[in-house]
Amino acid sequence: MSDLAATAPAAAQAGPRAYKLPRNLSRRLGRSDRSQLAIWFWELDRVLLALIMMLIAIGLIAVQAASPASARRLSTATETLSPLYFFYRQLGWVIVSLGFMFVVSMLPKREARRLAIIMACICFVLLMLVPIMGNTVNGAKRWIGYGIGIQPSEFLKPAYAVTMGWIISLRVKDPSLPVLKLSGAITLCIAMLLMRQPDLGQTIMFIGIWFTLMLLAGLPMQVVAGGVGLGAVGMTAAYFFYPVATQRINGWLFGAGEYDHVMFAHKTLTGGGLIGTGPGLGTHKFNLPEAHTDYIFSVIGEEFGLLACAAIALVYFAIIVRICMRLLEERDLFTIMAVAGLTAQLGGQAFINIAVNLQLFPSKGMTLPFISYGGSSMIALGIGAGLLLSLTRRNPFEDRTLLGQDWSRG
């Protein structure tokens, strides 16, 4: 027996100041570790977390590629921005966003729901204040605050999805509750406030989330058909009576004027072929108005190729499939509705942004989740991802065979 092995037991009994044996690090985060961190680790959907982290890493690479084009475009005679100006700022936003994501993901389901409802109320008030004390950027008044402005609509999206899920789930406890009218009235108020900014893209997103949740809640087909018809009438009316919609749709259909952004995006997207021109070698990106935000998917296509774009689309699809698989064994109606709303927000926003870059939709001014540059967008997405991870946590030892038995418990 070695001297260390012989003296260790005696030292362990020599009092509080004696030498203590090092803890077995292999037991950290093991099944036998019952610390809060270990419980969070084993209940967390680690596959979903890995997919989200993959998108964030891709986003940093993409912002680094797009930053020189945007920095050159936004430089002035008195101030020249560094080529990596937006990359360094995005790196800071990512760090803050990850902090929010991990903190929110550790919340119990009830606390996560409470956070979302409180955040929804605060953001709704801020959204009402935007027309009064908001800041105008590129002709739109969407930001509030001085120095570092925030965009209330970005933070409202994940909170709205969870809050609507909670309101709809209340119908199980009391079928007489006017869930459709209440949720519809809230969505209509939000839509009216967004149209004043103007922000047609976010308006479509909120209505899309609400419509998805209503379908899951068992909305009658007559009401669904009426909603689709009303949406078509609304879009037609927006084209004729809403100047922003008229300009963007005309630019998409006829390629005229300053709203010909979609054509530039499509040329950039296809400019690199299947494998791209290589990092930093793209030239079409310098013609894009918002290379680091709305049209970053096109920058990825030019410098990394269409195959890279297809891989990114597959990552988004994998996230949606993973969440749906997680929900197949879920019994709580609130969780199903809230997670479905958050998934509709993430998947819908990614779909719209990619469709715009493919010249399938008119320009919407909507970022690509976790990839585009943006402080408000990145932090709000981090909170939304944290809510997703929190609501999809589950005890790996729980018996989940009796599906649907707990819906009545709310």
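**A guided tour of salt bridges and helix H5**

Begin by selecting Glu330, which is buried, with a relative accessible area of 12%. The model on display is a predicted one. With Glu330 still highlighted, add Lys109: the two side chains meet in a salt bridge, at 3.9 Å from N to O. Glu330 belongs to the loop between H13 and helix H14 (333-357), whereas Lys109 lies in helix H5, so the pair ties together parts that are 221 residues apart in sequence. Lys109, unlike its buried partner, is partly exposed, with a relative accessible area of 29%.

**Along helix H5**

Next, select residues 109-133, which form helix H5. A distance drawn between the C-alpha atoms at the two ends of H5 should read 35 Å; this agrees with the 36 Å that the 25 residues should span at 1.5 Å a residue. Then display the side chains of Ala112, Ala116, Met119 and Ala120, which are among the buried residues of H5. Continue along the helix to Cys123, Leu127 and Val130, which are buried as well.

**Back to the loop between H13 and H14**

Return to this loop and select Glu329, which lies in it. The side chain of Glu329 meets that of Arg394 in a salt bridge, with 3.2 Å from N to O. Arg394 is found in the segment after helix H15 (375-391), so this contact ties together parts that are 65 residues apart in sequence. Glu329 counts as partly exposed, at 35% relative accessibility. Arg394 also counts as partly exposed, at 22%.

**From helix H13 to Asp45**

Now select helix H13, residues 306-327, and pick out Arg322 within it. Which side chain does Arg322 meet in a salt bridge? The partner is Asp45, at 3.0 Å from N to O. Asp45 sits in the loop between helix H2 (36-43) and helix H3 (46-74), so the pair ties together parts that are 277 residues apart in sequence. Are the two residues of this pair buried or partly exposed? Asp45 counts as buried, at 1% relative accessibility, while Arg322 is partly exposed, with a relative accessible area of 22%.

Finally, add Arg326 to the selection. Asp45, Arg322 and Arg326 are linked in a network of salt bridges. To place these contacts in context, note that the structure holds 10 salt bridges; the tour has visited several of them, including Lys109 with Glu330, Arg394 with Glu329 and Arg322 with Asp45.

Definitions and conventions
Residues numbered from 1 in each chain as written. Predicted model: local features only at pLDDT ≥ 70, side-chain atom pairs only at ≥ 80, totals over all residues. Heavy atoms only, no water. Helix = DSSP H or I, 4+ residues; strand = E, 2+ residues; numbered from the N terminus. Expected span 1.5 Å × (residues − 1). Buried < 20%, exposed > 50% of the residue type's maximum accessible area, 1.4 Å probe, protein only. Salt bridge = Lys/Arg side-chain N within 4 Å of Asp/Glu carboxyl O.
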